[in-house]
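Dear colleague,

I am passing on the structure we spoke of, and below it you will find my notes on what came out of the analysis. Please read them with the model open beside you.

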Amino acid sequence: MSGPTTGDGTGAPCWLSLSARDPEEARRFYGAVLGWTFRRAGHDDAYVVGERDGVPVAGIAALAAEPAVPVAWTVFFSVDDADAAVARIRERGGTVGVGPMAYPLSGRAAIATDLDGAVFGVWEGRPVSRWHVGERQAPAWVELHTRDAFDAAVFYGGVLRWADGSPGASEVSYEHDRVVLRRDGEAVARLDSGPVESASPRPQSRPRWLVRFRVRDLAAAQEAVVAHGGTVVPGGEWAGVRPSDADDTRRVVVRDPDGALFTLETEDGGGSGAV
């Protein structure tokens with residue numbers, strides 16, 4: 001994979017993790033849909049790392065290993081001190097649901113919600129080698145769908161110390177109604193304003209960190225989703241309440257058999273982070 005490893009910079013996305021009710025079924029599903037192979041995380045049978053072409057992409061944990069966490073993909077951000085980050089979350093009005101606690105891959109983590117209710121994680125520890133998200137060649141992209149990207153950036157900027165001038169800090173730019181987070185000049189995440197509802201019965205309509213996984217053949221991946229017990233979600237990433245800014249033939253929103261939402265995107269659909 002080209003580009004920097006995003007996990008080695010303070011405040012940058014550093015890992016993706018899924019809490020699954022049936023990890024074995026999840027492995028079968030994501031292996032078929034995304035072409036992943038899996039390895040155990042150290043000696044922990046309850047946590048596996050999904051790899052594509054030998055490069056780590058995400059982890060899958062048994063739900064019991066992460067109490068009070070729903071079946072969902074969680075984006076983790078790198079911090080120097082998980083306890084200090086949790087204190088900053090609470091100071092700024094966020095809610096901490098889990099942790100800090102020891103976590104597979106030899107680190108400490110906490111899971112929290114921001115002011116609008118979007119779930120995210122903080123991670124203290126050495127980043128996973130060669131892990132990378134980004135707007136072009138990386139296997140994944142992350143994007144916050146929120147009520148007001150600028151308000152959200154103030155919250156996350158304070159919690160994750162974006163652009164505070166410290167060594168290794170991430171870079172932030174404000175562009176139109178979006179906030180773009182960069183690491184070594186490359187976009188690694190985006191915050192988007194839009195019509196979200198915290199109390200919506202549809203998860204895709206709530207504020208959330210959206211995870212996109214890139215695939216070589218979108219049609220084949222979509223067929224594999226249905227064949228292995230998942231579903232295609234109508235309405236796109238904004239649940240049909242905001243026009244898409246991308247060609248809909250290049251993306252599709254799906255659920256895995258446990259109900260976890262994510263997006264499939266063609267590899268040549270570059271520009272996930274384009275602004």
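Among the contacts between residues at least 6 apart in sequence, 65% join residues that are at least 24 apart. Please keep in mind that this is a predicted model. The protein has 4 helices and 16 strands, and of its 275 residues 55% count as buried. About 11,200 Å² is exposed, with carbon and sulfur atoms supplying 49% of that area.

One helix pair deserves a careful look. Helix α2 (residues 82-91) packs with helix α3 (residues 149-160) at an angle of about 150 degrees, the two axes lying 8 Å apart; since angles over 145 degrees count as roughly antiparallel, α2 and α3 are therefore roughly antiparallel to each other. Their crossing is right-handed. On the α2 side the contact is made by A85, R88 and I89, and on the α3 side by F155, G158 and V159, which by class gives 4 nonpolar residues, 1 polar and 1 charged.

Two aspartates also call for a check of the backbone. Most residues other than glycine have a negative phi, yet D53, in the loop between β3 (44-52) and β4 (55-62), has a phi near 55 degrees. D184, which is likewise not a glycine, has a positive phi of about 55 degrees and lies in the loop between β11 (178-183) and β12 (186-193). As for their surroundings, D53 has a relative accessibility of 57% and so counts as exposed, while D184, at 54%, counts as exposed too.

With best regards

Technical notes: Residues are numbered from 1 along each chain as its sequence is written. This is a predicted model: local features need pLDDT of at least 70, side-chain atom pairs count only at pLDDT 80 or more; totals for chains, interfaces and linings use all residues. Side-chain values use heavy atoms; hydrogens and water are left out. Axes are lines fitted to C-alpha atoms, for helices over the stretch in contact, and angles run from 0 to 180 degrees between N-to-C directions. Angles under 35 degrees count as roughly parallel, over 145 as roughly antiparallel, 65 to 115 as roughly perpendicular and the rest as oblique. A crossing is left-handed if the near helix is turned anticlockwise from the far one by less than a right angle, and right-handed if clockwise. Contact means heavy atoms within 4.5 Å. Ala, Val, Leu, Ile, Met, Phe, Trp, Tyr, Cys and Pro count as nonpolar, Asp, Glu, Lys and Arg as charged, and the others, Gly among them, as polar. Buried means under 20% relative accessible area, exposed over 50%, partly exposed in between (1.4 Å probe, protein chains only). Accessible areas come from the Shrake-Rupley method with a 1.4 Å probe; for residues, only the protein chains shown count as cover.
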